[in-house]
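Visitor: I have a structure open and would like to talk it through with someone. Could you take me around it?

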Amino acid sequence: MTESLERLVDERLDDCCDADVAARVETLRAYRASGPADAGDDLAALSALGSETRYAVVRLLVAAGEELCVCEIEPVVDVSASAVSHALSTLHDAGLVRRRKEGRWRYYEPTARAEALLAALDDTRGTR
């Protein structure tokens, strides 16, 4: 939290009718400060799933259960090879897919993180 925001919160807490609020806010601040070191990685992974194309690509890779190349993914997600390649690059940067180069071809598979995120999404929607 920025200093000015903290000052504003502190000023508002002084005006609060519930004396326990200040203690709860301090507890929440400590919790937020002690958050996981890889929270930025989690946010990047979730953000990478924010595109319909990237989400469809990850879903396809998980469902396939094997490595796929762009030429196999493109007709299924119904976007251009360039769009699939761009999506895969973003997903790779976010740690959601692994890629392996063989000659001119690159093959992609989901990471355990991608599988866990999709499983969590399925659990929240009750679609497992």
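Guide: What follows is a walk through this predicted model, from the overall make-up to single residues.

Visitor: Fine. How many helices and strands are there, and in what order do they come?

Guide: The protein has seven helices and three strands, and from the N terminus on its elements run α-α-α-α-β-α-α-β-β-α.

Visitor: And what share of the residues is buried?

Guide: Of the 128 residues, 25% count as buried. As for contacts with a separation of 6 or more, 46% of them are between residues 24 or more positions apart.

Visitor: Let's go to the sheet. What is the strand order?

Guide: The three strands form an open sheet in the order 1-3-2, and the pairing is antiparallel. Strand 1 (68-69) and strand 2 (97-102) are at the edges with a single partner strand each, so each of them has one side without a neighbour in the sheet.

Visitor: How many bridges join strand 2 to strand 3?

Guide: Six bridges join strand 2 to strand 3, the latter being residues 105-110. Among the pairs, arginine 99 has tyrosine 108 as its bridge partner, and valine 97 is partnered by proline 110.

Visitor: What about strand 1 and strand 3?

Guide: Two bridges hold that antiparallel pair, and in it leucine 68 stands opposite tyrosine 108. Tyrosine 108 is therefore worth selecting in your viewer, given that it is the residue of strand 3 that faces leucine 68 and is also the bridge partner of arginine 99.Visitor: Which residue has a positive phi in the hairpin of strand 2 and strand 3?

Guide: Glycine 103 does, with a phi near 65°, in a hairpin that has two residues between the strands.

Visitor: Which helix lies across those strands?

Guide: Helix 4 lies across strand 1, strand 2 and strand 3, and its direction makes an angle of about 85° with strand 3.

Visitor: Does its length add up, or what span should its 13 residues have?

Guide: Helix 4 covers residues 52-64, and at 1.5 Å a residue these 13 residues should span 18 Å, which agrees with the 18 Å between its end C-alpha atoms.

Visitor: Which residues of helix 4 are buried, and which are exposed?

Guide: Arg54, Val57, Val58, Leu60 and Leu61 are the buried residues of helix 4. Looking down the helix axis, these buried residues fall within an arc of 160°, so they line one face of helix 4. Glu52 and Ala63, on the other side of helix 4, are exposed.

Visitor: Why would spacing along the sequence give a face at all?

Guide: An α-helix has 3.6 residues a turn, so residues three or four places apart point the same way.

Visitor: What is found at the two ends of helix 4?

Guide: At the N-terminal end, serine 51 acts as a cap, with a side-chain oxygen 3.2 Å from the backbone nitrogen of threonine 53. After the helix comes glycine 65, which has a positive phi near 70°.

Visitor: Now helix 6, please: which residues are buried there, and where do they sit around the axis?

Guide: Val84, Ala87, Leu88 and Leu91 are buried in helix 6. Seen down the axis, the buried residues of helix 6 fall within an arc of 100°, so they line one face of the helix. The face turned away from that buried side carries the exposed residues Ser82, His86 and Asp93.

Visitor: What about the span of helix 6, and what follows it?

Guide: Helix 6 takes in residues 81-93, and its 13 residues should span 18 Å at 1.5 Å a residue, in agreement with the 18 Å between its end C-alpha atoms. Glycine 95 follows helix 6 and has a positive phi, near 80°.

Visitor: I have clicked on threonine 90. Is it buried, exposed or in between, and what does it touch?

Guide: Threonine 90 is in helix 6, and at 24% relative accessibility it counts as partly exposed. Leaving aside residues up to four places away in sequence, threonine 90 touches Ala48 and Arg54. Threonine 90 and arginine 54 are 36 residues apart in sequence, with their C-alpha atoms 8.1 Å apart in space, and Arg54 is one of the buried residues of helix 4.

Visitor: One last thing: which residue has a positive phi although it is not a glycine?

Guide: That is aspartate 78, with a phi of about 60°. Most residues other than glycine have a negative phi. Aspartate 78 is located in the loop between helix 5 (70-77) and helix 6, and with a relative accessible area of 66% it is exposed.

Note on methods. Residues numbered from 1 in each chain as written. Heavy atoms only, no water. Helix = DSSP H or I, 4+ residues; strand = E, 2+ residues; numbered from the N terminus. Expected span 1.5 Å × (residues − 1). Buried < 20%, exposed > 50% of the residue type's maximum accessible area, 1.4 Å probe, protein only. Arc of directions from axis to C-beta. Polar contact = N/O pair within 3.5 Å; in protein donor to acceptor, adjacent residues only side chain to side chain. Pairing = 2+ DSSP bridges. Contact = heavy atoms within 4.5 Å. Axes fitted to C-alpha atoms, helices over the stretch in contact; angles between N-to-C directions.
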